[in-house]
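Q: Could you take me through the nonpolar core of this one, and then show me what goes on around it? I'd like one connected walk rather than a list.

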Amino acid sequence: MQVNDAYTPQTPIEGVMHAFTRIGRRLKAKQPGDTIDHSAHVALFVLRCSGALRLSDLAARMELDASTASRHVRALEQLGLVRRSPDPDDGRAFRVELTEQGIEQWESSARRRMELLSTAMDGWSEDDILTFERLMTRFADGVANLTDTPADARWADKGWAAVAPRLRAAPDAERRTDEDFAPGGDPATRENTDKNLESTR
């Protein structure tokens, strides 16, 4: 269904919902440079934040049934973005984890979306940006408190806190070289991020 951006909301709540619909549609769409679709990006995000997971746990965190999650994993395996490894707790099971290429793919995609949001706020004052961030965080907390069980999103919050410094450490887009996206990235930043991710598992 096409969303009509020219629609005029009749109440503030309608305005908030309409704004989120417009933003969500664009963030889910492929950005220039993307080679994977939104569902694949979500799978990579879950694995980047959580580390290796059993397929059932990956499906639960993506809020998908196991068969759909399995199809995503097979597609990502074919692209070389994830691999299966033996589950140390159950020799009959396996876990799914990101490859180095998968990590770089997700980080590149995340940077593009952060750059999109940053560019959209060109011309905003620092106070405007801080106020927007404060109100958005307050709003997100309110929605989460109404819809999440206590453990639902904690993995994402902790995981994002661990991987965000690596995204912030990237140079500006115009100064980036191919070396910035080479597997492994900056060794010190990579090591610090991977240590932090251990606490999310």
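**A walk through the core**

A: Quick bit of scale before we zoom in: of the 201 residues in the protein, 32% are buried. Keep in mind that this is a predicted model. The protein has 8 helices and 3 strands, and from the N terminus the elements go α-α-β-α-α-β-β-α-α-α-α. Among contacts with a separation of 6 or more, 57% join residues that sit 24 or more positions apart.

Now the core itself. The largest nonpolar core holds 26 residues, and L44, L47, L58, L76, V82 and W106 have the most contacts inside it. At least two residues apiece come from α2 (38-50), α3 (55-62), α4 (66-78), β3 (90-98), α5 (100-120) and α7 (154-168). The largest share belongs to α2, with 7 residues.

L44 is a good place to stand and look around. Leaving out residues up to four places away in sequence, L44 touches I36, L76, L81, V82, L98, G102, Q105 and W106. Three of those neighbours, L76, V82 and W106, are also on the list of residues with the most contacts inside the core.

Next, have a look at how two of the contributing helices pack. The axes of α3 and α4 come within 9 Å of each other and cross at roughly 105°. An angle from 65 to 115 degrees counts as roughly perpendicular, so that is how α3 lies relative to α4. On the α3 side the meeting residues are L55, L58, A59 and M62, and they face A66, A69, S70, H72 and V73 from α4. Sorted by class, this contact has 7 nonpolar residues, 2 polar ones and no charged ones.

V73 gives us a way over to the strands, since V73 is also touched by R84. R84 sits in strand β2 (residues 82-87). Is R84 buried or exposed? Neither, quite: R84 has a relative accessible area of 36%, and partly exposed is the label between under 20% for buried and over 50% for exposed. Besides V73, R84 touches R74, E77, F94 and R95, again not counting residues up to four places away in sequence. R84 and L98 are 14 residues apart along the chain, with 8.8 Å between their C-alpha atoms. L98 brings us back to where we stood earlier, as L98 is one of the residues that L44 touches.

Stepping outside to finish, the accessible surface of the protein is about 12,900 Å², and carbon and sulfur atoms account for 55% of that.

Notes:
Residues are numbered from 1 along each chain as its sequence is written. This is a predicted model: local features need pLDDT of at least 70, side-chain atom pairs count only at pLDDT 80 or more; totals for chains, interfaces and linings use all residues. Side-chain values use heavy atoms; hydrogens and water are left out. A nonpolar core is a set of buried Ala, Val, Leu, Ile, Met, Phe, Trp, Tyr and Cys residues joined through side-chain atoms within 4.5 Å. Buried means under 20% relative accessible area, exposed over 50%, partly exposed in between (1.4 Å probe, protein chains only). Helices (H or I, at least four residues) and strands (E, at least two) are DSSP runs, numbered from the N terminus. Contact means heavy atoms within 4.5 Å. Accessible areas come from the Shrake-Rupley method with a 1.4 Å probe; for residues, only the protein chains shown count as cover. Axes are lines fitted to C-alpha atoms, for helices over the stretch in contact, and angles run from 0 to 180 degrees between N-to-C directions. Angles under 35 degrees count as roughly parallel, over 145 as roughly antiparallel, 65 to 115 as roughly perpendicular and the rest as oblique. Ala, Val, Leu, Ile, Met, Phe, Trp, Tyr, Cys and Pro count as nonpolar, Asp, Glu, Lys and Arg as charged, and the others, Gly among them, as polar.
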